[in-house]
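User: Please walk me through this structure in questions and answers, and state each cut-off once, where its term first matters.

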Amino acid sequence: MEADAYNNGIIKKLLGPKIEYHFIEDYDSTFYRTKYLNIMTEMSTTPFLAIWDADIIISSSQIIEAIGKLRNEKYDIALPYDGKVLDVPISIRELFIKNCRVGELQKQHAKMDYLYKTEALCGGAIFVNAISYKKAGMENLAFYGWASEDFERYNRWQILGYKIHKAKGVSYHLFHPRGNNSKFSHHKQFMNSEASVFATRASSAEELRERFK
């Protein structure tokens, strides 16, 4: 799915005829990510879904592990990493783009810092059981633009008692310039985001089921 003010046809051409493509005309400069994820979820017919940011790289072995945990029906959610996200600097990013070998990233950990200085991230790359994801309310539309929806979503799943698996190993974030859709653009946006996170954390499972039904 592509959302933009004008469809130049480039992405559709790159994808080819085997990929289902949809375009939505959208003149809003703020990317309403949660809305579009929900639209794509409703369109999907597969038993599992991936919420995956384009700048996240993870080893194939971790992906296989995570998907396996969903397929054995013992988990509702599977993260293909352990919460640690390393920020890949430009020099290493350029080398990776040339060879696309995750092994080369794994050799360069000493030259990378943690993204956001935390080892407990819970977004960027997630696999979900589609039924469980929909029952939990999918994405929270209170988050408009860049926000803390990853933390709210994860907290919601925890309160609802979902079984969550985290694969052993890190994920890699490819460095990129940050525009208005990659950061809080104003204080009100930050405050609205934090309020939505705390509203979920302060709720019971019953309250969340009622709110997101």
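User: Which helix contains Met43?
Analyst: This is a predicted model, in which local features need pLDDT of at least 70 and side-chain atom pairs count only at pLDDT 80 or more, while totals for chains, interfaces and linings use all residues. Residues are numbered from 1 along each chain as its sequence is written, and side-chain values use heavy atoms, with hydrogens and water left out. Helices (H or I, at least four residues) and strands (E, at least two) are DSSP runs numbered from the N terminus. On that assignment, Met43 falls in the helix that covers residues 33-43, H2.

User: Is Met43 buried, partly exposed or exposed?
Analyst: The relative accessible area of Met43 is 34%. Since buried means under 20% relative accessible area and exposed means over 50%, with partly exposed in between (1.4 Å probe, protein chains only), this value makes Met43 partly exposed.

User: Which elements are included in what covers the buried residues of H2?
Analyst: The buried residues of H2 are Arg33, Thr34, Tyr36, Leu37, Asn38 and Thr41. Their cover, where contact means heavy atoms within 4.5 Å, includes strand S1 (2-4), strand S2 (23-25), S3, H6 and H7.

User: Which strands stand at the edges of the sheet ordered S4-S10-S6-S7?
Analyst: This is an open sheet of 4 strands with mixed pairing, two strands counting as paired if DSSP finds at least two bridges between them. Each edge strand has a single partner strand, so one side of each is left without a neighbour in the sheet, and the two concerned are S4 (56-57) and S7 (113-114).

User: What angle does the direction of helix H4 make with that of S6?
Analyst: In the sheet, S4 is joined by 2 bridges to strand S10 (residues 171-174), and the two run antiparallel; within S10, Tyr172 is the bridge partner of Ile57. Helix H4 (residues 90-99) packs on this sheet, where it touches S4, S10 and strand S6 (85-88). Axes are lines fitted to C-alpha atoms, for helices over the stretch in contact, and angles run from 0 to 180 degrees between N-to-C directions. On that basis, the direction of H4 makes with that of S6 an angle of about 90 degrees.

User: What is the average twist from one strand to the next in the sheet ordered S3-S8-S5-S9?
Analyst: This open sheet also comprises 4 strands in mixed pairing. Strand S3 (48-52) and strand S9 (164-166) form its edges, each pairing on one side only. From one strand to the next, the twist averages 20 degrees.

User: Which helix packs on that sheet and touches S3, S5, S8 and S9?
Analyst: S3 pairs with strand S8 (residues 125-129) over 5 bridges in the antiparallel sense, and in S8 the bridge partner of Ala50 is Phe127. The helix that touches S3, strand S5 (77-79), S8 and S9 covers residues 149-159, its direction makes about 125 degrees with that of S9, and its label is H7.

User: How many of the 11 residues of H7 are buried?
Analyst: The buried set consists of Glu149, Asp150, Glu152, Arg153, Tyr154, Asn155, Arg156 and Trp157. H7 is therefore largely enclosed by the rest of the structure, the number of buried residues being 8.

User: How far apart are the closest N and O atoms of Arg153 and Glu139?
Analyst: A salt bridge is a side-chain nitrogen of Lys or Arg within 4 Å of a carboxyl oxygen of Asp or Glu, and Arg153 forms one with Glu139. This pair links distant parts of the chain, with Arg153 in helix H7 and Glu139 in the loop between helix H6 (130-135) and H7, 14 residues apart. Arg153 is buried at a relative accessible area of 0%, and Glu139 is buried at 3%. Their closest N and O atoms are separated by 2.9 Å.

User: Which residue forms a salt bridge with Lys213?
Analyst: Lys213 is exposed, at a relative accessible area of 74%, whereas its partner is partly exposed, at 49%. The closest N and O atoms of the pair are 2.9 Å apart, and the partner of Lys213 is Glu210.

User: What distance separates the C-alpha atoms of Lys163 and Asp76?
Analyst: Lys163 lies in the loop between H7 and S9 and is exposed, with a relative accessible area of 51%. Leaving aside neighbours within four places in sequence, Lys163 is in contact with Lys74, Tyr75, Asp76 and Ile77. Although Lys163 and Asp76 are 87 residues apart along the chain, their C-alpha atoms are separated by 5.4 Å.
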